Amino acid sequence: MAQNKIFFNTENADIFVNNDDINNFLGRAEAAKKVLLDGRGAGNDFLGWVKLPSQQESDIISRIHKDVERLSPMCQLFVVIGIGGSYLGARAVIEAMQSEFAAIDDKRTAPYIVYAGHTLSEDYYAQLLPLLDRFDYGVAVISKSGTTTEPAVAFRIIKNHLEKKYGKEVARQRTIAITDACRGALHTIAQQECYSSYVIPDNVGGRFSVLTPVGLLPIAMAGFDIDALLEGAREAQQLYASAPAKENAALRYAAYRNALYAKGYKVEMLTNFTPSLKYVSEWWKQLYGESEGKEGKGIMPHSLSFTTDLHSMGQYMQEGERTVMETVVSVSHSHSRVQIPSDEQDLDGVNYLISKSLTDINHCAERGTIEAHRDGGVPVMQMELERIDERTLGHLLYFFEFACGVSGYMLGVNPFNQPGVEAYKKNMFRLLGKKM
Ligand code: PA5
């Protein structure tokens, strides 16, 4: 059932906000949802993502499957070139789903995904190129504007390598372009080279594009089930558009975070006890940071992975400035079990744990942490997922997108633009002597 995919638990945040406040903010969330669904708010030319799961064109999905069937057997590596919204959604799902050790797993059946175009570090490319000499590979170059410097530079380098390695014709067959329908340099290159190409719809902004070919193609190439991902997102779309505010996890999340922000909690720490969710946090940071951080306003999105980071940032979370709220993404079930062996001498003192699974122990660490943070003055919200699979991730991604649109409108900003991102580019181009 859709309703079981995410359980939003506020029992450790409720002592920080009173009931009247929450009811007031829930009312505002409901109103913001209506503005979003009616397309009456700022940035309403970028609302294509809202109905994307239910309106996904089946011929695009079959083309993705065909490209994957064609390229996957030829590629040990697959390079995803993109930055920001053009790679973080795919990386979030791929890293959540794949083995932590996929890079060295010789039983892997799909190409290993490597990323480029998200950095200008020279050493990064100097380290990548020798791998591209050794392994067979293909490329997806992804840029909505088709003009972003980082992926343009990376594609120039990798296209050159690919053509030298395989010749122009085979290089062409190994390249996929995902970009605007008619604008931008990447569109021109893709047309000229006759690459297999996909369009990023005009009305879907980069950070809301994970359920377009931007996310779907790399996720499918990595061997994961994009039909199940979309199914989860469809369930979420239906649920969050229709459920009344008090039973609507997305509206409740938007209401709580805004109510807490109004009380001075300026930072939201997204935490998990499952390290494979690290890139879900990275994707979430872009989604909320770029959508809300404007006009001198916005909750600062930050993230930590526990228990690892309890041994580095745990002190701050427990006793630092009390302006931090926390949202824990909890996972109820792991996929497999590892037994802690019994030891006759028990010198390390862990025999008392042998009847428990590591998941039970991790859950105790999680419960203990949540209670400690709450008692130390951190309001803690919890997003409880049953397990990590494509359907749940599809639901989670849509949940965060929907809550983000609602929350941005509640804050009074246009959640769908990012004017501030231009400032560094302007300075960089001046310093590089680019002719404008
Ligand atoms: O959300 C956004 O629109 C941005 O973060 C973009 O995703 C990012 O800047 C990459 O842009 P592009 O896809 O045009 O290369």
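How many of the 10 residues of helix 4 (residues 88-97) are buried? The count is 8, so helix 4 is largely enclosed by the rest of the structure. This is a predicted model.

**Helix 4 and its surroundings**

The buried residues of helix 4 are Leu88, Gly89, Ala90, Arg91, Ala92, Val93, Ile94 and Ala96. They pack against one strand, strand 3, and against helix 9, helix 10 (226-242), helix 12 (278-292) and helix 15 (390-411). Helix 4 also belongs to a right-handed β-α-β unit, together with strand 2 and strand 3.

**The sheet**

Strands 2 and 3 sit in an open sheet of 5 strands. Its order is 3-2-4-5-6, and the pairing is parallel. Strand 3 (112-116) and strand 6 (196-199) are the edge strands, each pairing on one side only. On average, neighbouring strands are turned by 20 degrees against each other, direction ignored.

Strand 2 (residues 77-81) is joined to strand 4 (residues 137-143) by 5 bridges. Another 5 bridges join strand 2 to strand 3. Isoleucine 81 takes part on both sides. Its partners are tabulated here.

| Residue | Partner | Strand of the partner |
|---|---|---|
| Isoleucine 81 | Valine 141 | Strand 4 |
| Isoleucine 81 | Alanine 116 | Strand 3 |

Is edge strand 3 mostly covered or uncovered? Strand 3 is mostly covered, with 5 of its 5 residues buried. Tyr112, Val114 and Ala116 point one way from strand 3. Ile113 and Tyr115 point the other way.

**Helices on the sheet**

Helix 3 (residues 58-71) lies across strand 2, strand 5 (175-179) and strand 6. Helix 3 runs at about 150 degrees to strand 6. Helix 9 (residues 213-221) also packs on the sheet, touching strand 2, strand 3, strand 4, strand 5 and strand 6. The direction of helix 9 makes about 155 degrees with that of strand 5. Helix 9 is also among the elements against which the buried residues of helix 4 pack.

**The largest pocket**

What is the volume of the largest pocket? The value is about 840 Å³. This pocket is lined by 29 residues. Thr274, Pro275, Ser334, His335 and Thr359 lie nearest its centre. Helix 4 returns here: helix 4 and helix 14 (358-375) are the elements that give two or more residues to the lining. Helix 14 gives the most, with 7 residues.

Definitions and conventions: Residues are numbered from 1 along each chain as its sequence is written. This is a predicted model: local features need pLDDT of at least 70, side-chain atom pairs count only at pLDDT 80 or more; totals for chains, interfaces and linings use all residues. Side-chain values use heavy atoms; hydrogens and water are left out. Two strands pair if DSSP finds at least two bridges between them. Helices (H or I, at least four residues) and strands (E, at least two) are DSSP runs, numbered from the N terminus. Axes are lines fitted to C-alpha atoms, for helices over the stretch in contact, and angles run from 0 to 180 degrees between N-to-C directions. Contact means heavy atoms within 4.5 Å. Buried means under 20% relative accessible area, exposed over 50%, partly exposed in between (1.4 Å probe, protein chains only). A crossover is right-handed if, with the strands pointing away from the viewer, the path from the first strand over the helix to the second runs clockwise. On a 1 Å grid over the protein atoms alone, a cavity is a set of points where a 1.4 Å probe fits but cannot get out, and a pocket is an open set with protein on both sides within 12 Å along at least five of seven lines; lining residues have an atom within 4 Å of a point. Grid points are joined across faces, edges and corners, and a volume is the space filled by probe spheres set on the points.
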